[in-house]
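Dear colleague,

Please find the structure below, handed over for your own inspection. My notes on its interior follow it.

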Amino acid sequence: MRTSLALCLTVFILGSASADGYRLETVAEDLVHPWSLAFLPGGDMLVTERGGALKRLAADGMVHLVSGVPQVYVRSQGGLFEIALDPDFESNGLVYLTYAHGKPEANHLRLARATFTDDALHDLQILFESVPAKDTPVHYGGRMTFLPDGTLLLTMGDGFDYREAAQRLDNHLGKTVRLHRDGRVPDDNPFVAQPGALPEIWTYGHRNPQGLAVTAESGDVFLHEHGPRGGDELNLLEPGKNYGWPIITYGLDYSGAYVSPYTEMEGLEQPIIHWTPSIAPAGMALYDGEAFPGWQGDLFVAALVEKSVRRLQMDGRRVIGQQVLFRELDARMREVRVGPDGFLYLLTDADPGRIVRVRPDP
């Protein structure tokens, strides 16, 4: 399927508050709640829409609908989530998808792998399905990334109504899981030898983790997650650690009541930073490009409620400053990615949504 795609149009030319001026360009529009973006060799992009469509945005200005996408459970926050290319994509053509699957009374997060050729997914394999099934269409997590050792890390939310399950190791709710790229469980996962624990679990005590970023040199893994009313967190992940939800939190329940009277407790990890009121963090990227030298090594957090991207100025594992960017777009930000050209790419969570490119202002 081919439809016209809006050519690159300069929407705004603005200066940022840093030494790096930028301008914003609309690359694609008329997307339906775009969720994730992957850059193909040669300049094309793959983009997921929460409603279940996967599209290839060609460098020649056309949109191609990709066939072979698995059946997706679409309701509320549920749908098609992230797409990622295998680290060896150029030789094996493999892509990974996360998505909600099932029915209202019993649905899961799934991870699947397929070969991408000729605008189609072939030989689809289900690598992971969260347990237990839940009857809520929210808090799926669904972010993934590859660690320096080649394994895959995947986030899973608490399902909203099952927050206490985030503290138990007999289920996937409120966890991150680590897998080999074929779905096998690594022998060195922290709970492999613990009776009653699911061996794929890597960390636990999360609410709804929606952003992952890994530093290439140190292998540090940063994760952010939604709090309730406030208490959004940025965490540094270490295998086997407990990140506290719902025993400790800096947020309140939606009713205004305390989820917990505690913000810290021995044996539970503290966030690097937390945001109150909530900014609703979505995607996250570590800037490692060359187009914006002043941003090198910083984290960029897409924010839905704040309608911004937060630049977190990093000094190793510490946040030493924050900057609110791109509010002039007045859009819920679902995702931020660093392209192979060194530019930032933003996905707006709307119908119609769009892809916006951030490039230096000459």
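**Aromatic pairs, cores and a cavity**

Both W295 and F300 are buried, where buried means under 20% relative accessible area, exposed over 50% and partly exposed in between, with a 1.4 Å probe and protein chains only. Please bear in mind that this is a predicted model, in which local features need pLDDT of at least 70 and side-chain atom pairs count only at pLDDT 80 or more, while totals for chains, interfaces and linings use all residues. Residues are numbered from 1 along each chain as its sequence is written, and side-chain values use heavy atoms, with hydrogens and water left out.

The structure holds 12 aromatic pairs, a pair being rings of Phe, Tyr and Trp (its six-membered ring) whose centres lie within 6.5 Å, counted as stacked if the planes are under 30 degrees apart, edge-to-face if over 60 and tilted for the rest. The rings of F81 and Y140 have centres 5.5 Å apart and planes at 45°, so this pair is tilted. Because F81 lies in strand 8 (residues 80–85) and Y140 in the loop between strand 11 (120–129) and strand 12 (144–146), the pair ties together parts that are 59 residues apart in sequence; strands here are DSSP runs (E, at least two residues), numbered from the N terminus. F81 and Y140 are both buried. W295 and F300 also form a tilted pair, at 5.0 Å centre to centre with 55° between the planes, and these two residues belong to one aromatic cluster with Y287 and F292.

The largest nonpolar core has 23 residues, and W295, F300 and L346 are among those with the most contacts inside it; such a core is a set of buried Ala, Val, Leu, Ile, Met, Phe, Trp, Tyr and Cys residues joined through side-chain atoms within 4.5 Å. Strand 24 gives the most to this core, with three residues. Leaving aside neighbours within four places in sequence, L346 is in contact (heavy atoms within 4.5 Å) with residues including V309, F326, M333 and R354. A second, separate core of 20 residues includes Y73, F81, L109 and L154.

Finally, a search of the whole structure finds one cavity of 30 Å³ or more, a cavity being a set of points on a 1 Å grid over the protein atoms alone where a 1.4 Å probe fits but cannot get out, with lining residues having an atom within 4 Å of a point. Its volume, the space filled by probe spheres set on points joined across faces, edges and corners, is about 30 Å³. The lining consists of R207, E225, H226, G227, G231, E233, W245 and T249.

With best wishes

Notes:
On a 1 Å grid over the protein atoms alone, a cavity is a set of points where a 1.4 Å probe fits but cannot get out, and a pocket is an open set with protein on both sides within 12 Å along at least five of seven lines; lining residues have an atom within 4 Å of a point. Helices (H or I, at least four residues) and strands (E, at least two) are DSSP runs, numbered from the N terminus.
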